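Q: I am new to this structure and would be grateful for a close look at a single part of it. Please begin with one residue and its surroundings, and then describe how the neighbouring parts are arranged.

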Amino acid sequence: KECRKQMQNLTADDPKMKVLMAQYRAIDNQIGKITGQWKRQDGAIKSVFNRLLAYVSLYGTFNFVTGQIKQITEKNLALSDSMADIRKVSGLSADEINRLSDELHGLDTRTTSEDLHQLAFEGGRLGIQGVEGLMQFVRAGNQIKVALGEDLGEGALVELMKMNEVMGTTKELGIEKALLATGSAINTLSASSTASGSQIADFSSRLSGIATQANITTDELLGLASASSSLNLETEVAATAFNKFISEIVTHTSVVAKAAGVEKEALEELIQSGKTMEAVVVVLEALNGKGGLRGLNPIMKELGSDGARLNQVLAAFSSNTDVLRKHLNISTDAFREATSVTQEYNIKNENAAAMLARIKNSLIELTTNSTVTKWLEDVLRSLFYLPKTIEENKNVIVTALVQISGALLAMKLNLTTLSKF
């Protein structure tokens, strides 16, 4: 730049012009060389950078693929363990357990495959037999778990199944229908009152033994449990009180009738005709009409210090028999229809979160199923026996390797000889 400035101030015939022109050309050539070198370096840098990007991309892709393969393998190994556990407790054959697993994968639900297999395992531990029996338990159990969620509590489904067995509901309706009827009653009762699903299940489970002996039906038992929860009574105390109260009504009918001021014959007729719960309500109404439970003191006194707490439970019920009747009616209708829990399940299985979960489950099931698990087991079994197979056949293998080596050497010698001609 300085050189050009000086040249502008000189004439063409000035002696200094030639010197400045020579200096300008030299500087310009030097700049050209530096620029060319930079362009070449820049191209090399860009080339290295592009290669680095390609390597990073390839490395990332490789890690992603290997990570997915590892995840798929781990999921199928976990599925294999789960299927083995179910087979152990259910007595299913290998083909039956594969069919069960495929049917579980076929359920269109937000529940994961792992949780469905866990349900099947719980069913097997309860003594449920056969693929269809386990599927009935899983289908109904899954609906109850999704519909009632945390309100039912951990382990409540197993307790409901046991209660249905004790009450004869499973034998009467079948596994699936019995659970759906029970779940529907609990769902409707908890939705229409302040009753807690977990307390209903707990109370009913505690009283199922005396209930079945006294000809109290499952829906009546659930209604009684719901009324107890709505009255904010402690579950254990309330269940103990009614265990004693129902037993006394059935075994000492005349004493209870006299204490409550009701006709003995009318009470006996209700009990003998299988209407024990109606007999319970009649006695409670009569006691409330008499203004207290003092008449039952001779019956309840043997309970000692617990007698007062149990009397408080019966006092609360005798003052709220309208609440009890309401819950009994709601429970009977919901139990008979057996649709409430399915309707609630459908709502919770169709929302946005459920749709996302179902899509995720479908994608996972493409690579995690009994077919892939069986293939993986076969591969691992072959790898497990490979060293043993090699050891057992090492002499044959060594002989074959020697023969192959000899043949290759002879071929090489022949080629060498031919190349000389």
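A: The residue chosen here is Ser228, which belongs to helix H10, spanning residues 218-230. The model is a predicted one. With a relative accessible area of 2%, Ser228 is buried, because buried means under 20%. Once neighbours within four places in sequence are set aside, Ser228 is in contact with Phe203, Leu233, Ala238 and Phe317.

Ser229 also lies in helix H10. Its relative accessible area is 9%, so Ser229 is likewise buried. Not counting residues up to four places away in sequence, Ser229 touches Thr194, Ala195, Ser196 and Gln199. Of these contacts, Ser196 is 33 residues from Ser229 in sequence, yet the two C-alpha atoms are 6.4 Å apart in space.

Phe317, one of the contacts of Ser228, leads to the nonpolar interior. The largest nonpolar core has 84 residues, and Phe317 is among those with the most contacts inside it, together with Leu100, Leu179, Leu207 and Phe242. Helix H5, residues 131-148, gives the most to this core, contributing 10 residues. In soluble globular proteins, nonpolar side chains tend to be buried together.

Leu179, another of the residues with the most contacts inside the core, touches Phe137, Ala140, Ile144, Leu157, Leu160, Met161 and Asn164, leaving out residues up to four places away in sequence.

The packing of helices may be considered next. Two packed helices are described by the angle between their axes and the distance between the axes. Helix H8 (residues 175-191) packs against helix H18 (residues 340-348) at an angle of about 75°, and their axes are 7 Å apart. The two helices, H8 and H18, are therefore roughly perpendicular to each other. On the H8 side, Leu180, Gly183, Ser184, Asn187 and Thr188 take part, and they meet Ser340, Val341, Thr342 and Glu344 of H18. By class, this contact of H8 with H18 comprises two nonpolar, six polar and one charged residues.

Helix H12, residues 253-260, offers a further view of burial: Thr253, Val256, Ala257, Ala259 and Ala260 are buried there. These residues lie on the same side of H12, because they cover an arc of only 165° around the axis. An α-helix has 3.6 residues a turn, so residues three or four places apart point the same way. After H12 comes Gly261, whose phi is positive, near 80°.

Definitions and conventions:
Residues are numbered from 1 along each chain as its sequence is written. This is a predicted model: local features need pLDDT of at least 70, side-chain atom pairs count only at pLDDT 80 or more; totals for chains, interfaces and linings use all residues. Side-chain values use heavy atoms; hydrogens and water are left out. Helices (H or I, at least four residues) and strands (E, at least two) are DSSP runs, numbered from the N terminus. Buried means under 20% relative accessible area, exposed over 50%, partly exposed in between (1.4 Å probe, protein chains only). Contact means heavy atoms within 4.5 Å. A nonpolar core is a set of buried Ala, Val, Leu, Ile, Met, Phe, Trp, Tyr and Cys residues joined through side-chain atoms within 4.5 Å. The arc is that of the directions from the helix axis to the C-beta atoms. Axes are lines fitted to C-alpha atoms, for helices over the stretch in contact, and angles run from 0 to 180 degrees between N-to-C directions. Angles under 35 degrees count as roughly parallel, over 145 as roughly antiparallel, 65 to 115 as roughly perpendicular and the rest as oblique. Ala, Val, Leu, Ile, Met, Phe, Trp, Tyr, Cys and Pro count as nonpolar, Asp, Glu, Lys and Arg as charged, and the others, Gly among them, as polar.
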